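Pull up the model and keep a viewer handy. We'll start at the ligand and then wander over to the aromatic rings.

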Amino acid sequence: MSAQPKTETTLLDRARQVLPGGTFGNTAADVIVSEGKGTRVWDENGKEYIDYLLGSGPMIVGHAHPEVTAAVRAQIEKGTTFFANNAKGIELAEVIVDAVPCADKVRFASTGSEADAFAIRLVRAYRGRSKILKFEGGYHGYSDYGLMSLAPPKPGNDYRPQPDSAGIPDNVRDHILVAPFNDVDAVAGLIDAHKGEIAAVFMEPVQRLIPPRPGFLEAMRELTEKNDILLCFDEVVTGFRLSYGGAQQYYGVTPDLCTLGKAIGGGFPLSAIAGREEIMALFDRERTDAAHFVPQVGTLSGNPVAAAAGIATLEVLKRPGTYERYFEVGNRLKSALSERLQRAGLEAQVVGDAPMFDTVFAGGEIRNYRDTLRADKTQMSRLNALLRARGILKGENKYYLSVILDEDDIAQTIDAWDDAITEMTA
Ligand SMILES: Cc1ncc(COP(=O)(O)O)c(C=O)c1O
């Protein structure tokens with residue numbers, strides 16, 4: 001093997017000196033990105049990649065989009081943060097209220113995890129109950145309550161909540177109920193067994209990449225309504241991605257509340273909690289008694305630079321034809337990948353919808369987290385490594401697509417798949 005070129009080796013050595021594991025905790029330490037433009041990123045050695053990592057989702061209109069860059073530059077000249085109302089933040093809130101079906105009102109935070117943590121507290125305060133029903137394998141950020149049963153390595157026969165991190169107090173499990181995704185009966189059973197104790201069903205409408213089965217979201221809406229339980233969609237990933245109005249618009253099921261992140265910050269730290277008027281009113285001291293008031297505050301909440309980037313990004317997304325083309329390209333890529341996996345005789349399938357999908361090395365339907373445990377992780381890592389060598393950058397388990405992929409990107413991606421899958425099966 002040839003020695004790693006100098007720039008990246010040096011930086012990697014420096015990273016190992018100062019960062020645990022030599023990383024920021026996100027992707028592999030040896031990916032050191034120096035630049036991004038459009039659909040491409042370059043590493044510190046100058047190697048070019050088609051970027052399907054997309055900063056873990058925010059860069060949906062591509063890197064350094066000229067309109068986003070111009071909006072950010074204009075705002076930076078006028079100051080970068082105020083901890084006070086500002087026109088850009090107010091305008092972004094208006095855009096969200098116009099676009100997202102459940103959004104009567106909006107509050108901002110900086111990360112998806114933060115928005116989820118506020119939303120979890122808000123639903124508890126509103127309902128006066130402590131239990132949150134979530135789905136095994138669903139991600140709702142890194143708070144103690146969010147990080148339960150995301151990825152239990154050896155789930156037992158039951159669905160007892162399990163912490164995904166050291167340092168989470170034992171009693172957190174008393175406040176969480178866990179169900180298998182896409183299983184209406186399991187949710188109905190838990191709701192029955194815990195009458196009057198559940199504040200909300202908190203869910204990713206598309207769990208990681210697993211789509212809801214037809215009728216599943218509708219059933220969640222019906223069950224929660226019937227039992228006076230709130231329904232919260234974590235739309236940090238799906239918001240403005242599955243459609244301009246998010247998964248709730250795409251599937252036609254309106255929750256009481258949702259969280260947003262990634263796309264709405266246009267590559268800057270910005271997230272939101274959006275929901276029905278009377279629930280969001282608990283953030284308003286004037287309208288709420290002290291027993292129900294939920295303080296919602298953050299140094300950078302409503303930051304005007306992030307809001308300017310978000311507004312510019314959403315303007316690009318709103319243009320006629322954007323989502324039609326996005327889905328056409330995504331579906332074309334999905335089919336191409338699927339065909340190649342099949343032709344190679346691999347026991348594998350493509351899971352996910354056009355804006356985000358990936359290979360799962362397993363047969364049979366993937367309905368929930370436990371089905372994903374059947375997947376062959378070694379084959380997945382091998383394919384990812386072969387693709388990276390061929391200029392495809394992606395997350396471990398996801399291709400995030402931008403809306404600006406062009407015919408060259410598509411052809412090059414399919415060539416890389418051809419080549420990598422051929423090598424894999426040689
Ligand atoms: C569904 C979902 N919720 C919440 C989060 C947390 O967002 P952040 O990483 O901005 O804290 C993520 C992050 O990937 C996510 O995918």
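**Around the ligand, then the rings**

In the side chain of Ser113, an N or O atom comes to 2.7 Å from an oxygen atom of the ligand. Keep in mind that this is a predicted model. Gly112 joins in through its backbone, with an N or O atom 2.8 Å from a ligand oxygen. Lys262 uses its side chain instead, placing a polar atom 2.8 Å from an oxygen atom of the ligand. How much of the ligand does the protein bury? On its own the ligand exposes 390 Å², and 82% of that is buried by the protein.

Now widen the view to the whole shell. Besides Gly112, Ser113 and Lys262, the residues around the ligand include Thr111, Asp116, Tyr139, Gly141, Glu204, Arg208, Asp234, Val236 and Val237. By character, the shell splits into five charged, four polar and three nonpolar residues. Which element supplies the largest share of it? That's helix α4, spanning residues 112–127, with three residues.

Next, the rings. A pair of aromatic rings is described by how far apart the centres are and by the angle of the planes. Across the whole structure, a search turns up eleven aromatic pairs. One of them is Phe181 with Phe216, an edge-to-face pair at 5.2 Å centre to centre with 70° between the planes. This pair ties together distant parts of the chain, 35 residues apart: Phe181 sits in the loop between β6 (176–179) and α5 (184–193), while Phe216 belongs to helix α6 (residues 216–226). Are these two phenylalanines buried or exposed? Both Phe181 and Phe216 are buried.

Compare that with Tyr250 and Tyr251. Why is this pair edge-to-face? Their ring centres are 4.9 Å apart and the planes meet at 80°; since anything over 60 degrees counts as edge-to-face, the pair qualifies. Tyr250 has a relative accessible area of 34%, so this residue is partly exposed. Tyr251 is at 23%, and because buried means under 20%, Tyr251 counts as partly exposed too. The two tyrosines also belong to a cluster, in which ring pairs link them with Tyr323, Tyr326 and Phe327.

Finally, look for charges sitting over rings. The charged end of Arg124 is over the ring of Tyr145, 4.1 Å from the ring centre. Lys394 lies over the face of Tyr399, where the distance to the ring centre is 4.8 Å.

Key
Residues numbered from 1 in each chain as written. Heavy atoms only, no water. Phe/Tyr/Trp six-rings, centres within 6.5 Å; stacked < 30°, edge-to-face > 60°. Helix = DSSP H or I, 4+ residues; strand = E, 2+ residues; numbered from the N terminus. Buried < 20%, exposed > 50% of the residue type's maximum accessible area, 1.4 Å probe, protein only. Lys NZ or Arg CZ within 6 Å of the ring centre and 35° of its normal. Near = heavy atom within 4 Å. Polar contact = N/O pair within 3.5 Å; in protein donor to acceptor, adjacent residues only side chain to side chain. Areas by Shrake-Rupley, 256 points an atom, 1.4 Å probe, with all protein chains shown as cover. Nonpolar A, V, L, I, M, F, W, Y, C, P; charged D, E, K, R; others polar.
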